[in-house]
Amino acid sequence: MEEKIKKLSEKYLERVMELRRELHQYPELGFDLFKTAEIVKKELDRIGIPYKSEIAKTGIVATIKGGKAGKTVLLRADMDALPITEESRCTFKSTHDGKMHACGHDGHTAGLLGVGMILNELKEELSGTVKLLFQPAEEGPGGAKPMIDEGVLENPKVDAAFGCHIWPSVKAGHIAIKDGDMMTHTTSFDVIFQGKGGHASQPEKTVDPVIIACQAVTNFQNIISRNISTLRPAVLSCCSIHAGEAHNIIPDKLILKGTIRTFDEGITGQIVDRMDEILKGLTTAYGASYEFIVDRMYPALKNDHDLFAFSKNALEKILGKDCIEVMEDPVMGSEDFAYFGKHVPSFFFFVGVNDGQLENENMLHHPKLFWNEKNLITNMKTLSQLAVEFLNK
C-alpha cells in the first residue's frame, strides 16, 4: 500500500497545489469560513465523497467507507486564517484586506482534500471508515470542541484521530513527532485596573493604575520563579498594556492583557489563583479596584503513547527512518486538536517545509510567511498512510 499511496500522492499533488493557491487568496476568520467551506464542498462533490456541512457553523465532515467493515479513523485539517495583512512574495496573495493564511491552514485544508482523493481511490482495500474533518476557528475561539459537541466523533464512533501542522523550522520532506506532551494548555487573561485619574502634576490626588499595573507585571513573574516547581514548565507573559492618551494626565483605567502556558491544567489554576491574590493585595493597598477576566482555552496536546509507537512505525514505512525527527522538547504554542485527545487516542505531528527560505519567511503568524506547497505531498502521504495502516492492521 505504501507504493500505491506514493504514486497517488504524485498523481494528485498538482490539483492539491491549485486548491491551496485558491484557498490562500480567500482567507477567512473564526467560524465565518463561508467561501472556504464552499471550495471544500465543491471539491468533495467533484471527488465523489459524501459529507455533512454546517457543523459548528462552517465545519464539514466527509466520510469514506471502506470495502470491508472495521474501525473508524478521523483525519483533521483546520481551515481558518489570521487577521494579518499579507506581505509575502507569493504570486497568489490574499484578496481579503487585513486577512492572511499566515499559519498554513490553507495547506492543511488542501492537503486533506488530497488525502480524500487518495483514500477514495483505495477505499475498496480499506477495512473500516475514514472521516475527513475540516474545522473552523482553530486560531480562536476554537472549533474542535463545538464540532465534538455536535457529534463528529459518533455515528460511527471514532477509534483514533490524526492531525498535522506545517512547521517552518523542520526540514522540508521531514516530519517531527513526539510522545506525550506536544503543545501547551493555553489561557488568556485581561486585567482591568480602576483607579482615579487626574493631572500629572498632582499625583497625590490620584490613584494611579499605571503604578499598580507595573508592580503587578513584576510580581506575576515571581509566580513562575518562586511558586511553581522548576521541573514543571510554565510561561506567564504580559503582552499588552493600554492606559491614557496624554503625556500629562494620569489615567483612571488601565487594561493589561497576557497569556499563560502550561502542560498541566492544575498548575494553570495555581498560577491564576496566585495572580488574583497579588491583584487583590496591590489594589487594596493603593485604594484601587480590579476586574480579572480569565479564558481557559485549549487543553494541552498530548500524543497517546501507544498511538505514537504505531504512528512512528507507519510513518517510517512511507517516508523512511531518516526523515522522522523525534522531538526531545515540546512546543509552548497551543492547538485545539488537543480536544480530540480528550475523547479518543490521538496523534499530532509537524510537517517540515523549511527549504532554506529567509528567516522571516520561516515564522508562523508572520506577514511574510512563504512556503512551497510542493511539500504538501508529505501531508498527503503521511495522513493517508496512517489511516490505511490503522484500519488494516
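In this predicted model, the second largest pocket has a lining of 13 residues, and those nearest its centre are Lys52, Val61, Lys131, Glu154 and Asn155. Its volume is about 250 Å³. By class, the lining of this second largest pocket splits into six nonpolar, three polar and four charged residues. Two strands, β1 (51-55) and β2 (59-65), each contribute at least two residues to that lining, and the largest share, three residues, is supplied by β1.

The largest pocket, for its part, has a volume of about 430 Å³. Its lining consists of 26 residues, of which Glu139, Thr186, Arg261, Ser334 and His365 are the closest to the centre. Strands β5 (160-171), β8 (185-194) and β12 (253-262) each provide at least two residues of this lining, with β8 giving the largest share, five residues. Sorted by class, the lining of the largest pocket comprises ten nonpolar, ten polar and six charged residues. The two pockets are set out below.

| Pocket | Volume | Lining residues | Largest share of the lining |
|---|---|---|---|
| Largest pocket | about 430 Å³ | 26 residues | β8, five residues |
| Second largest pocket | about 250 Å³ | 13 residues | β1, three residues |

Asn155, listed above among the residues nearest the centre of the second largest pocket, also deserves attention for its backbone. Asparagine 155 belongs to the loop between α4 and β5, and its phi is near 50 degrees, which is a positive value in a residue other than glycine. The peptide bond that joins asparagine 155 to proline 156 is cis, with an omega of about 0 degrees, and proline 156 is likewise placed in the loop between α4 and β5. As a general background to such cases, most residues other than glycine have a negative phi, and most peptide bonds are trans. With a relative accessible area of 73%, asparagine 155 counts as exposed, because the value lies over the 50% cut-off.

A further pair of backbone features is found in the loop between β4 (127-135) and α4 (144-149), where proline 141 is located. The bond from glycine 140 to proline 141 is cis, and its omega is near 5 degrees. Alanine 137 sits in the loop between β4 and α4 and, as a residue other than glycine, has a positive phi, near 60 degrees. Its relative accessible area of 0% falls under the 20% cut-off, so alanine 137 is classed as buried.

Strand β4, at the start of that loop, is itself largely enclosed by the rest of the structure, because nine of its nine residues are buried. How do β2 and β4 pair, in the parallel or the antiparallel sense? The sense is antiparallel, and the pairing extends over six bridges; within it, isoleucine 64 has valine 130 of β4 as its bridge partner. Strand β3 (residues 68-78), by contrast, runs parallel to β4 and is joined to it by nine bridges, and here lysine 71 stands opposite glycine 128 of β4. The connection between these two parallel strands can also be described as a unit: β3, helix α3 (residues 105-121) and β4 together form a β-α-β arrangement that is right-handed.

How values were computed:
Residues numbered from 1 in each chain as written. Predicted model: local features only at pLDDT ≥ 70, side-chain atom pairs only at ≥ 80, totals over all residues. Heavy atoms only, no water. 1 Å grid on protein atoms, 1.4 Å probe; cavity = no way out; pocket = protein on both sides within 12 Å on 5 of 7 lines; lining within 4 Å. Points joined across faces, edges and corners; volume = space filled by probe spheres on them. Helix = DSSP H or I, 4+ residues; strand = E, 2+ residues; numbered from the N terminus. Nonpolar A, V, L, I, M, F, W, Y, C, P; charged D, E, K, R; others polar. Buried < 20%, exposed > 50% of the residue type's maximum accessible area, 1.4 Å probe, protein only. Pairing = 2+ DSSP bridges. Right-handed = clockwise from strand over helix to strand, strands pointing away.
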